[in-house]
Amino acid sequence: MPRTNSRRMQALRTAFFKEGRRLDADQATRDQAACWICQQRIDYDALPGTTEDSHELDHVIPVSRRPDLQEDPTNFTHAHRRCNGHRGASAPVGDLGDVVDDWW
């Protein structure tokens, strides 16, 4: 099944952006609206896909690998346009986690 840009997908993308904007507006939930790749805040004032820091709906499991999950909201995550484009269909690149003090 090839990637599609159906009306349903457009509606899902719009709703996901609005949900991200809502989460970002509240300090308590802002981290849930951050880019899942770089963990930085997304510019929700810019229209989706218009700047490098604007919002894009990213698929956790790329559509090229699982086209059946393209319209599955459980496969959606928030990303910067730049980060999503750089990641492509590969696994996200990042560090292994937080550095902790030696305990031994």
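Among contacts in the chain between residues at least 6 apart in sequence, what share join residues at least 24 apart? Hi everyone, that is where I'd like to start today. The figure is 60%. Please keep in mind that what you see above is a predicted model.

Let me sketch the layout. The chain has two helices and two strands, and along the sequence they come in the order α-β-β-α. Of its 104 residues, 32% are buried. The accessible surface of the chain is about 7200 Å², and carbon and sulfur atoms account for 53% of that area.

Now the strands. β1 and β2, the latter covering residues 76-80, run antiparallel to each other and pair over five bridges. If you want a spot to click on, look at His55, which sits opposite His80 in β2. β1 is mostly covered, with four of its five residues buried.

On to the nonpolar cores. How many residues does the largest one have? It has nine: Phe17, Leu23, Ala33, Cys35, Ile37, Ile42, Tyr44, Ala79 and Cys83. Apart from that core lies another, of five residues, including Met9, Leu12, Leu57 and Phe76. Back in the nine-residue core, Leu23 is worth a look. Leaving out residues up to four places away in sequence, Leu23 touches Thr29, Arg30, Gln32, Ala33 and His78.

Next, the rings. Searching the whole structure turns up two aromatic pairs. One of them joins Phe16 and Phe76, edge-to-face, with 5.6 Å from centre to centre and 70° between the planes. That pair links distant parts of the chain, since Phe16 belongs to helix α1 and Phe76 to strand β2, 60 residues apart. Both Phe16 and Phe76 are buried.

Then there are Phe17 and Tyr44. Why is this pair called tilted? The ring centres are 5.7 Å apart and the planes meet at 35°, and an angle that is neither under 30 degrees nor over 60 counts as tilted. Phe17 is in helix α1 while Tyr44 is in the loop between α1 and β1, so the pair ties together parts 27 residues apart in sequence. Phe17 is buried, at 9% relative accessible area, and Tyr44 is buried too, at 3%.

Let's stay with that loop, which runs between α1 (7-25) and β1 (55-59). I picked three of its residues for us.

Is Gln27 buried or exposed? With a relative accessible area of 61%, Gln27 is exposed, because the cut-off for exposed is over 50%. The side chain of Gln27 also makes a polar contact of 2.8 Å with the side chain of Arg30.

Thr29 is in the loop between α1 and β1 as well, but Thr29 counts as buried, at 16% relative accessibility. Setting aside neighbours within four places in sequence, Thr29 is in contact with Arg22 and Leu23.

The last of my three is Gln39, again in the loop between α1 and β1. What is notable about the phi of Gln39? That phi is positive, about 70°, although Gln39 is not a glycine. As a reminder, most residues other than glycine have a negative phi. Gln39 is exposed, with a relative accessible area of 53%.

So, to recap the loop: Gln27 is exposed, Thr29 is buried, and Gln39 is exposed with a positive phi. Thanks for listening, everyone!

Terms used. Residues are numbered from 1 along each chain as its sequence is written. This is a predicted model: local features need pLDDT of at least 70, side-chain atom pairs count only at pLDDT 80 or more; totals for chains, interfaces and linings use all residues. Side-chain values use heavy atoms; hydrogens and water are left out. Buried means under 20% relative accessible area, exposed over 50%, partly exposed in between (1.4 Å probe, protein chains only). A polar contact is a pair of N or O atoms within 3.5 Å; within protein, one must be able to donate a hydrogen and the other to accept it, and residues adjacent in sequence count only if both atoms are side-chain atoms. Two strands pair if DSSP finds at least two bridges between them. Contact means heavy atoms within 4.5 Å. A nonpolar core is a set of buried Ala, Val, Leu, Ile, Met, Phe, Trp, Tyr and Cys residues joined through side-chain atoms within 4.5 Å. Accessible areas come from the Shrake-Rupley method with a 1.4 Å probe; for residues, only the protein chains shown count as cover. Rings of Phe, Tyr and Trp (its six-membered ring) pair if their centres lie within 6.5 Å; planes under 30 degrees apart count as stacked, over 60 as edge-to-face and the rest as tilted.
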